[in-house]
Amino acid sequence: MKSLKIKKITIKDSKLRNLRKGLRQVIDLAVHDKHVYYTQLEKLYNEKWDKRGKLTPSQLKRIRELSRLKNKLHDDLRKSMCFCAFACCLSEAYSEVTDIDMVWIPWYQGWYCVPCFEEYFKDMTIDDYIHELNYYDEDIGPPSRYVREQAAKYRHSFLKKPEPREYRPTIDNFKPWLKKPWLKKIIKE
Ligand SMILES: [Zn+2]
């Protein structure tokens, strides 16, 4: 999913909801099976390692590849709309297969259940997001290139507009005025 807009997938019909839950279960089981398969292969290589005390470069490459595939499998499932991507999920949808509706949140590139969306993300603004990115960005000072790029990319993705900033004049705002002869005169007096 690449959309830069929030997408809410709502199904009202109970039969269709059950069907969707069934499909999520099938995907979850298929991923689980694949994970078991990779783990068994890994075990075989590890047994070889124990027996011979070493592995050939190609076997080492394969074992690293298996670990990468397992991680990818896990990440892909977490990013899919089978589960809510938020670890502190308000429903059961983070850890269990449910029939709950999901919402695509572009700036997090993930699917989140409706209760999590309503509670945490619906009222988020671009300013909240930039603040969050800066929090994880160790640089203190002006936003890094990454933060600026992310902000530019998702600027129009948020439903809520940021609060207008309080106007705080700086000396620069008055510089043109300070050149005015009548003001110079007043200051001198
Ligand atoms: Zn959730």
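# Exercises on a small sheet and its helices

Gln109 lies in the loop between E2 and E3. We will start from this residue and work outwards, remembering that the model is predicted.

## Exercise 1: A residue in the hairpin

Task: Find out what phi Gln109 takes, and decide whether Gln109 is buried, partly exposed or exposed.

Solution.
Step 1. Locate the turn: the hairpin of E2 and E3 has four residues between its strands, and Gln109 takes its positive phi there.
Step 2. Read the angle. Gln109 is not a glycine, yet its phi is positive, about 55 degrees. To see what makes this worth a look, recall that most residues other than glycine have a negative phi.
Step 3. Count the neighbours. A residue is buried at 20 or more other C-beta atoms within 10 Å and exposed at 12 or fewer. Gln109 has 13 other C-beta atoms within 10 Å, so Gln109 is partly exposed.

## Exercise 2: Build the sheet

Task: Work out the order in which the three strands stand in the sheet, and which strands are at the edges.

Solution.
Step 1. Take strand E1 (residues 7-9) and E2: three bridges join them, and they run antiparallel. One facing pair here is Lys7 with Trp104 of E2.
Step 2. Go on to strand E3 (residues 110-113), which pairs with E2 over four bridges, again in the antiparallel sense. In E3, Cys113 stands opposite Met102, Tyr112 stands opposite Val103, and Gly110 is the bridge partner of Ile105.
Step 3. Put the pairs together: the order is E1-E2-E3, in an open sheet with antiparallel pairing. E1 and E3 each pair on one side only, which makes them the edge strands. From one strand to the next, the twist averages 25 degrees.
Step 4. Add the helix. H3 packs on this sheet and touches E2 and E3, and its direction makes about 95 degrees with that of E3.

## Exercise 3: Two faces and a core

Task: Sort the residues of strand E2 (residues 102-105) by the way they point, then find which element gives the largest share of the largest nonpolar core.

Solution.
Step 1. Begin with a general idea: in a regular strand the side chains alternate between the two faces of the sheet.
Step 2. Apply the idea to E2. Met102 and Trp104 point one way, while Val103 and Ile105 point the other way. All four residues are buried.
Step 3. Turn to the largest nonpolar core, which has 20 residues. Those touching the most other members are Cys84, Met102, Val103, Trp111, Tyr112, Cys113 and Cys116.
Step 4. Ask where the core comes from. E2, E3 and helix H3 (114-121) are the elements that give two or more residues to it. E2 provides the largest share, four residues.
Step 5. Look at one member closely. Leaving aside residues up to four places away in sequence, Tyr112 touches Cys84, Ala85, Phe86, Met102, Val103, Ile105, Phe117 and Phe121.

## Exercise 4: Two helices compared with their expected spans

Task: Compare the reach of H1 and of H2 with the expected span, and say how many residues of each are buried.

Solution.
Step 1. Helix H1 (residues 14-52) has 39 residues and reaches 57 Å from its first C-alpha to its last, close to the 57 Å expected.
Step 2. H1 is hardly covered, with two of its 39 residues buried. Just after H1, Gly53 takes a positive phi of about 75 degrees.
Step 3. Helix H2 (residues 57-79) has 23 residues and reaches 33 Å, close to the 33 Å expected at 1.5 Å a residue.
Step 4. The number of buried residues in H2 is zero, so H2 lies largely in the open.

## Exercise 5: Distances in sequence and in space

Task: Find how far Tyr120 is from Leu90 in space, and how far apart the centres of the two domains lie.

Solution.
Step 1. Tyr120 is found in helix H3. Tyr120 counts as partly exposed because it has 15 C-beta neighbours inside 10 Å.
Step 2. Tyr120 and Leu90 are 30 residues apart in sequence, and their C-alpha atoms are 9.9 Å apart.
Step 3. Now take the wider view. The domain assignment of the protein chain gives domain 1 (7-114) and domain 2 (123-162). The C-alpha centres of these domains lie 29 Å apart.

Definitions and conventions. Residues numbered from 1 in each chain as written. Predicted model: local features only at pLDDT ≥ 70, side-chain atom pairs only at ≥ 80, totals over all residues. Pairing = 2+ DSSP bridges. Core = buried A, V, L, I, M, F, W, Y, C linked by C-beta atoms within 7 Å. Contact = placed C-beta atoms within 7 Å. Domains from an automatic or database assignment. Axes fitted to C-alpha atoms, helices over the stretch in contact; angles between N-to-C directions. Expected span 1.5 Å × (residues − 1).
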